[in-house]
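Here are some short exercises to help you find your way around a new structure. Try each task on your own before you read the solution.

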Amino acid sequence: MKGRETGSMQQNELEGYVDWRNRPALIDRHGGMVAAFFVLVVEVLENLAYLANASNLVVYLTKFMHYSPSNSANIVTNFMGTTFLLALLGGFLADAYITTYRIYLMSAAIEFMGLLVLTIQAHIPSLKPPSCVSAGAHSPCQGLGGPKAVMLFAGLYLVAFGVGGIKGSLPPHGAEQFDETTPEGRKQRSAFFNYYIFCLACGALMAVTFVVWIEDNIGWQWGFGISAATILISIPVFLLGSSTYLVKTPTGSPITTMFKVLAASIFNTCKSRKPSKAVVRMATSPSHSEPEDVEAKGKEPSQTLTVHLGFLNRAAIENPSYPMLQCTVSQVESVKTVIKILPIFMSTIILNSCLAQLSTFSVQQAATMNTKLGSLTVPPASLPIFPVLFIMILVPVYNHLVIPFARKINKTELGITHLQRIGTGLVLSIVAMAVAALVEVKRKKLAAESGKIDSAGPLPITFLWIALQYLFLGSADLFTLAGMMEFFFTETPRSMRSLAMALSWASLAMGYYLSSALISIVNNITHMFSRTPWMSGSNLNHYHLEGFYWLLCVLSGINFLHYLFWATRYSYRST
């Protein structure tokens with residue numbers, strides 16, 4: 001009887017997964033929607049803590065740290081870019097050495113320390129530059145420097161390390177909770193990605209309303225303090241779900257495997273061998289198009305080598321000259337999959353350069369406009385409330401109405417493919433930048449007509465005009481981010497899913513860095529032909545933002561054509 005129970009337990013175990021205590025995970029006890037629910041709640045808290053400061057940071061740097069608008073914009077874009085780029089490190093460590101469960105706990109602790117440093121600096125006047133009472137051309141505000149600047153950037157980049165680790169571990173941890181060997185499990189996983197975006201929006205809603213109002217009206221020390229308390233609370237909330245979690249066991253460095261396959265294919269191509277000796281292993285069971293069910297159980301799928309990227313097939317020859325370069329068919333096909341998704345990844349970077357403007361110039365534009373709604377004064381950093389509310393309405397509609405309808409019409413499990421979602425987001429970004437340029441033309445025209453070009457006072461135009469670009473770009477982010485995350489998760493092998501999903505955040509990072517680079521390039525080029533660069537100085541009315549926005553619009557259009565070239569040629573790895 002005891003032996004029968006032991007055999008039953010072993011059949012119930014999930015290969016490649018453990019529970020939080022590193023014991024074998026059981027099919028009927030771990031994973032599912034309950035486990036994913038804890039992840040979604042934690043994401044609300046985590047995004048609240050991060051976005052409360054990131055959305056309004058440009059105001060803090062300009063008003064209290066006395067950086068110029070362009071310098072503030074570059075600091076914010078570099079900070080946010082580094083944050084999302086560090087998601088790659090979190091994803092890599094989760095796949096290779098440390099579980100997603102532990103990565104989250106360590107990262108949350110690091111983010112808390114960074115927010116604590118920022119809270120202390122915001123609270124103690126001696127750690128900030130002196131207040132700027134009346135600054136003019138002959139008496140400029142004293143800037144931040146020395147140990148005070150070190151403290152500011154130490155706090156910011158501790159936050160960046162923490163948020164990067166969380167972004168690289170929390171989404172894949174949630175997505176791993178579902179049984180992908182069944183259609184129901186795959187549908188639940190797809191719904192998880194949609195509601196992950198919904199929870200990002202919930203956290204953002206509280207951040208850009210409640211916390212931003214506190215920062216602007218009560219004090220930044222309270223804003224940073226609330227963020228620190230929120231991320232601290234997220235840790236016990238995450239731990240509450242421990243007994244329900246499926247935890248994927250690390251399988252070693254996926255990057256090592258990639259370099260090994262590339263090195264083997266190059267070496268075997270260059271080395272002259274007789275054709276009769278170059279025997280390639282060819283599997284006879286399941287084809288390349290259906291690896292998911294086998295892979296989900298933690299076993300290496302038996303695959304055949306495909307013709308696509310055929311030069312890599314040479315890495316899979318039997319009896320190579322150097323045994324350390326011996327590669328399996330599965331390893332070769334995995335590397336091919338990664339190479340295939342890279343053009344899609346590259347196509348999303350321009351979109352994220354457009355999104356970077358929402359945290360920088362868009363906030364500064366709104367600050368020059370009439371921000372009153374009746375008797376209520378709305379902080380400029382609360383503008384994201386418009387796309388956030390739209391996303392919170394759109395996600396349930398999309399998940400419960402649009403997707404079921406599309407499944408019936410298209411007779412497919414997905415209904416709308418990942419690449420179609422990404423493409424929709426790219427089109428919306430083109431529209432958004434055209435709208436942004438037209439609104440900026442209108443804003444500057446009113447500034448000139450009202451004689452306030454040189455004034456810092458509010459212009460006679462409502463800030464709701466800026467809300468239009470927030471609405472379009474927020475919608476673009478919904479379609480693209482959810483599509484990218486699910487696309488990268490489902491299309492890559494199980495051994496590198498966390499790293500692959502982190503590409504979604506890396507795209508954001510590169511978009512922010514590209515935005516900073518474009519600002520510098522535009523300023524350098526325009527300075528060659530005029531006395532002042534397009535985006536320089538402390539008065540936004542002297543900037544040529546409309547030209548910069550038209551540039552982003554044109555680049556987005558070219559990028560969409562580039563995306564179409566690759567997307568129409570892509571063949572899905574999974575069903």
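**Exercise 1: Two aromatic neighbours**

In this predicted model, Phe548 and Tyr549 are both buried. Task: work out which kind of ring pair Phe548 and Tyr549 make.

Solution. Start with the ring centres of Phe548 and Tyr549, which lie 6.4 Å apart; the cut-off for a pair is 6.5 Å. Next, take the planes, which stand at 40°. Planes under 30 degrees apart would be stacked and over 60 edge-to-face, so the pair Phe548 and Tyr549 is tilted.

**Exercise 2: A pair across the chain**

Task: classify the ring pair of Tyr101 and Tyr245, then say where each residue lies.

Solution. The centres of the Tyr101 and Tyr245 rings are 6.1 Å apart, and their planes meet at 65°, so this pair is edge-to-face. Tyr101 belongs to helix α6 (residues 100-123), while Tyr245 sits in the loop between α9 (220-240) and β3; they are 144 residues apart and link distant parts of the chain. As for cover, Tyr101 has 6% relative accessibility and counts as buried, and Tyr245, at 0%, is buried too.

**Exercise 3: Reading a sheet**

Task: find which strands are the edges of the open sheet.

Solution. First, write down the order of the 3 strands, β2-β1-β3, with antiparallel pairing. Then look for strands that pair on one side only: these are β2 (24-26) and β3 (247-248), the edge strands. Finally, check a contact: 2 bridges join β1 (residues 13-18) to β2, and Glu13 stands opposite Leu26 in β2.

Notes
Residues are numbered from 1 along each chain as its sequence is written. This is a predicted model: local features need pLDDT of at least 70, side-chain atom pairs count only at pLDDT 80 or more; totals for chains, interfaces and linings use all residues. Side-chain values use heavy atoms; hydrogens and water are left out. Two strands pair if DSSP finds at least two bridges between them. Helices (H or I, at least four residues) and strands (E, at least two) are DSSP runs, numbered from the N terminus. Rings of Phe, Tyr and Trp (its six-membered ring) pair if their centres lie within 6.5 Å; planes under 30 degrees apart count as stacked, over 60 as edge-to-face and the rest as tilted. Buried means under 20% relative accessible area, exposed over 50%, partly exposed in between (1.4 Å probe, protein chains only).
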